[in-house]
Amino acid sequence: MTRRDVMLAAGTLTAGLTMADIEPTAAAAAQPAPPRQLPDKSSFLAGEGVYLDSGSQHPISIGARAAVDTYLSKRMLDPAAAHYDLPDDGVREKFAHLVNADPDDIAYVQSTTAGEQMVLRGLGLPHSNANGSGGHIVTDTLHFFGSLPLYEEMQRHGVEVTWVEPKDGRILLADLKQAIRKDTRLVALSLVSTINGFQHDLKAVCDLAHAHGALVYADIIHAAGCVPVDLKGSGVDFAACASYKWLMGDFGLGFIYGTKAARALLTRTEYGYYGMSAFKPHVYPFDPPGDMIADYAYADTAEGTFAHGTHAHTVIAQLDHSLDYILGMGVPAIQAHAQDLINRLKRELPKLGYSLMTPPEATTPLVTCAYENAREKLGPKLAAAKIKMTVSANRFRVTPSVFNDHTDIDRVLAALGHA
């Protein structure tokens with residue numbers, strides 16, 4: 001596969017043009033790219049239907065596909081891609097910039113759930129003390145639904161879990177304050193709820209938890225890339241996310257964050273070559289003698305704490321482009337564009353008889369309605385209209401992104417009709 005093949009596959013090379021026709025001159029390459037306008041349909045493949053499900057899986061952009069193709073060309077030993085080097089550390093640094101974190105506090109992780117469970121294991125949860133208690137955790141029922149069984153399992157193994165329930169679609173800080181105790185080890189939450197788009201005041205939660213000696217873990221998969229995230233400023237101890245939603249990446253790779261102070265409180269449970277800062281074996285030919293099989297040390301970074309083995313290289317290549325796209329566009333601009341569409345849905349859906357679960361003040365790119373038998377009643381209508389969005393048993397969710405516009409909102413409102 002040549003560079004021309006890569007661009008043809010990505011749909012970026014017009015028939016009849018040669019690479020020379022589109023190669024930028026040195027002067028042109030030095031000029032900053034013009035700012036993209038939203039909606040940005042040109043960066044994504046257009047189809048007949050309407051895609052309003054980016055909160056489940058964000059479409060892969062044309063540029064990200066080309067980046068993956070370049071990486072695969074290198075793996076195929078194509079001489080045209082011999083110059084390519086995987087931007088392993090560079091992608092971690094771009095993500096750190098996106099969420100205002102030190103790169104040394106960021107490590108790759110397979111998924112959000114994997115990161116959350118690393119934190120629990122490192123804290124020794126569940127565990128038993130002299131009183132027979134397995135510890136105390138506070139979480140809420142707007143947390144990721146895949147984490148609800150995790151904390152129920154913690155309960156089964158002796159951990160006391162306090163569940164904070166929403167009021168009018170919101171988790172109130174006052175209710176969290178009442179739930180957190182002096183023996184609370186961890187407060188676990190989703191910064192933005194996948195259920196209804198509610199967003200915690202993360203700094204306020206962290207201030208409250210830290211005042212009681214508790215740590216805070218935040219699932220940021222529905223926040224990073226679509227709403228401003230300031231991990232340093234919030235004071236959160238741990239956070240994790242995968243990349244296939246608002247980071248415009250793919251499955252199998254994400255990020256875990258842990259401050260140096262919080263990492264120091266963990267018991268090491270992860271042992272991986274990629275976390276090592278030094279390795280000197282004593283068992284191979286010509287090795288120096290030693291008392292151990294090998295001398296080794298782990299880096300004093302998040303990679304040193306959490307890293308295992310190899311990462312999903314294709315996703316790193318993809319994220320190298322996607323994170324540039326998000327940073328170049330600017331999260332505030334992405335958020336404002338989505339809010340223009342979301343606010344219209346918040347106005348129009350109740351007029352059609354649908355009951356909003358999303359708080360009116362939420363500024364996340366997500367609107368959810370409760371609707372009994374939604375999948376049965378709405379699924380066929382949406383399929384006939386070629387609209388893809390999340391439809392659950394008794395609710396539906398619309399999550400527009402950078403390529404959606406008001407025509408898409410027109411179509412989904414028409415397809416839903418009156419409740």
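**View 1. Four strands make an open antiparallel sheet.** In this predicted model, the strands line up in the order E11-E12-E15-E14, with antiparallel pairing. Strand E11 (355-356) and strand E14 (390-391) sit at the edges with a single partner strand each, so one side of each has no neighbour in the sheet.

**View 2. Zooming in on the E12 and E15 pair.** Strand E12 (residues 367-370) runs antiparallel to strand E15 (residues 395-398), and four bridges link the two. Look for Cys-369, whose bridge partner in E15 is Phe-396.

**View 3. Cys-226 and Cys-241, with no bond between them.** The structure has zero disulfides. For Cys-226, the closest cysteine sulfur is the one in Cys-241, but at 10 Å that's too far for a bond; a disulfide would need the sulfur atoms within 2.5 Å. Turn it around and start from Cys-241: the closest cysteine sulfur is in Cys-226, again 10 Å away. Cys-226 is buried at 2% relative accessibility, and Cys-241 is buried too, at 1%.

**View 4. Helix H13 has a kink at Leu-319.** H13 (residues 313-329) packs 17 residues into a 24 Å run from first C-alpha to last, close to the expected 24 Å. Still, there's a kink of about 30 degrees centred on Leu-319. Right after the helix, Gly-330 adopts a positive phi of about 90 degrees.

**View 5. What the buried residues of H13 pack against.** Leu-319 is itself buried, and other buried residues of H13 include Val-315, Ile-316, Leu-323, Tyr-325 and Met-329. The buried residues of this helix pack against helix H4 (62-75), helix H5 (88-98) and helix H14 (331-351), plus strand E2 (106-109) and strand E8 (254-258).

Methods:
Residues numbered from 1 in each chain as written. Predicted model: local features only at pLDDT ≥ 70, side-chain atom pairs only at ≥ 80, totals over all residues. Heavy atoms only, no water. Pairing = 2+ DSSP bridges. Buried < 20%, exposed > 50% of the residue type's maximum accessible area, 1.4 Å probe, protein only. Expected span 1.5 Å × (residues − 1). Bend = angle between axes of the 7 residues up to and from the residue. Contact = heavy atoms within 4.5 Å.
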